[in-house]
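Hi,

Here is the structure I said I would pass on. Have a look at it first, and then read my notes below.

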Amino acid sequence: MTIESSMYKNHEIQDEKFILEYYKQEHPTIQTSSSQIAWDIDAGVTTLLPTMQTDITLTYHNKVLIIEAKYYARTLQHHFDTHSIHSANLYQIYTYVKNKAATDPEKDVSGLLLYARTTDLIQPDNSYQMGGNTIGVKTLDLNKEFSLIREQLDAIVQERFYQNLDSTI
């Protein structure tokens, strides 16, 4: 199936399911799912803990990328004259990554907050090393032609899974 298929044309792009289905169809060698992550609990009752349900989990060999897709009127939060990543989003992706890494230690786990691009002047495109894992923050420009949306999505997996390989996607 190609990107020009009716499946993509009729699907709501501003939806994490679109991104999930895109990776399933266009990158079949990457295991793609919306998965639940187990809490790394030493002891105690877990029935009151919330479910950690990812928007998108991509696995290729020993690498895992957890993507949380976010759609806000403003990409960054504002406090006085300071812009920053939405706190709750960063806490969420960090918690997902750290619990996945702890419960699946043979995997190299990273996370990505993927925001729909807005008209804000400041657009995040950063990567952070946090506690031994990479957490990225990027925007996806959904106002572009579909071929350019495809390039943006392909660049994410290229960077995470194929950057040190001789062959590309």
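**Pockets, rings and a helix**

Both β10 and α4 give at least two residues to the lining of the second largest pocket. Keep in mind as you read that this is a predicted model.

Let me stay with that pocket for a moment. The biggest share of its lining comes from α4, with four residues. The volume of the second largest pocket is about 180 Å³. It is lined by 13 residues, and D125, K138, T139, L140 and Q152 are the closest to its centre. By type, the lining of the second largest pocket splits into five nonpolar, three polar and five charged residues.

Now the largest pocket, which holds about 290 Å³ of space. Its lining counts 17 residues, and those nearest the centre are S110, S127, T134, E159 and R160. The elements that contribute two or more residues to this lining are β8 (108-116), β9 (126-130), β10 (133-140) and α4. As for chemistry, the lining of the largest pocket has four nonpolar, eight polar and five charged residues.

Since α4 turns up in both lists, here is more on that helix. Does the length fit what you would expect, or rather, what span should its 17 residues have? At 1.5 Å a residue they should span 24 Å, and the C-alpha atoms at the two ends are 23 Å apart, which agrees. The buried residues in α4 are F146, I149, L153, D154, I156, V157, R160, F161 and Y162. They sit on the same side of α4, because the arc they cover around the axis is only 160 degrees. Note that R160 is on this buried list and is also among the residues nearest the centre of the largest pocket.Next, the aromatic rings. There are five aromatic pairs in the model. One of them is F18 with Y22, a tilted pair with 6.4 Å from centre to centre and 40 degrees between the planes. These two residues are four apart in helix α2 (residues 16-26), so about one helical turn separates them. Are they buried or exposed, F18 at 1% relative accessibility and Y22 at 0%? F18 counts as buried, and Y22 is buried as well.

Another pair is Y60 with F161, where the ring centres are 5.8 Å apart and the planes make an angle of 55 degrees, so this pair is tilted. Here the partners come from distant parts of the chain: Y60 is in strand β4 (residues 56-60) and F161 is in helix α4 (residues 146-162), with their positions 101 residues apart. Both Y60 and F161 are buried. Ring pairs also join F18, Y22, Y23 and F146 into a cluster. F146 is one of the buried residues of α4, while F18 and Y22 belong to α2.

A few single residues are worth a look too. T29 is in the loop between α2 and β1 (31-33), and with a relative accessible area of 57% it is exposed. The C-alpha atom of T29 is 7.3 Å from that of Y60, although the two are 31 residues apart along the chain.

H61 lies in the loop between β4 and β5 (63-70). What is its phi? About 55 degrees, a positive value, although H61 is not a glycine. Most residues other than glycine have a negative phi. H61 is exposed, at 61% relative accessible area.

T54 is in the loop between β3 (52-53) and β4. Unlike the two loop residues above, T54 is buried, with a relative accessible area of 1%. Its C-alpha atom is 7.8 Å from that of Y96, and the two residues are 42 apart in sequence.

Last, the overall layout, in case you want to find your way around. The chain contains four helices and ten strands. Starting at the N terminus, the order of the elements is α-α-β-β-β-β-β-β-β-α-β-β-β-α. The chain has 169 residues, and 43% of them count as buried.

Best wishes

Note on methods
Residues numbered from 1 in each chain as written. Predicted model: local features only at pLDDT ≥ 70, side-chain atom pairs only at ≥ 80, totals over all residues. Heavy atoms only, no water. Phe/Tyr/Trp six-rings, centres within 6.5 Å; stacked < 30°, edge-to-face > 60°. Buried < 20%, exposed > 50% of the residue type's maximum accessible area, 1.4 Å probe, protein only. 1 Å grid on protein atoms, 1.4 Å probe; cavity = no way out; pocket = protein on both sides within 12 Å on 5 of 7 lines; lining within 4 Å. Points joined across faces, edges and corners; volume = space filled by probe spheres on them. Nonpolar A, V, L, I, M, F, W, Y, C, P; charged D, E, K, R; others polar. Expected span 1.5 Å × (residues − 1). Arc of directions from axis to C-beta.
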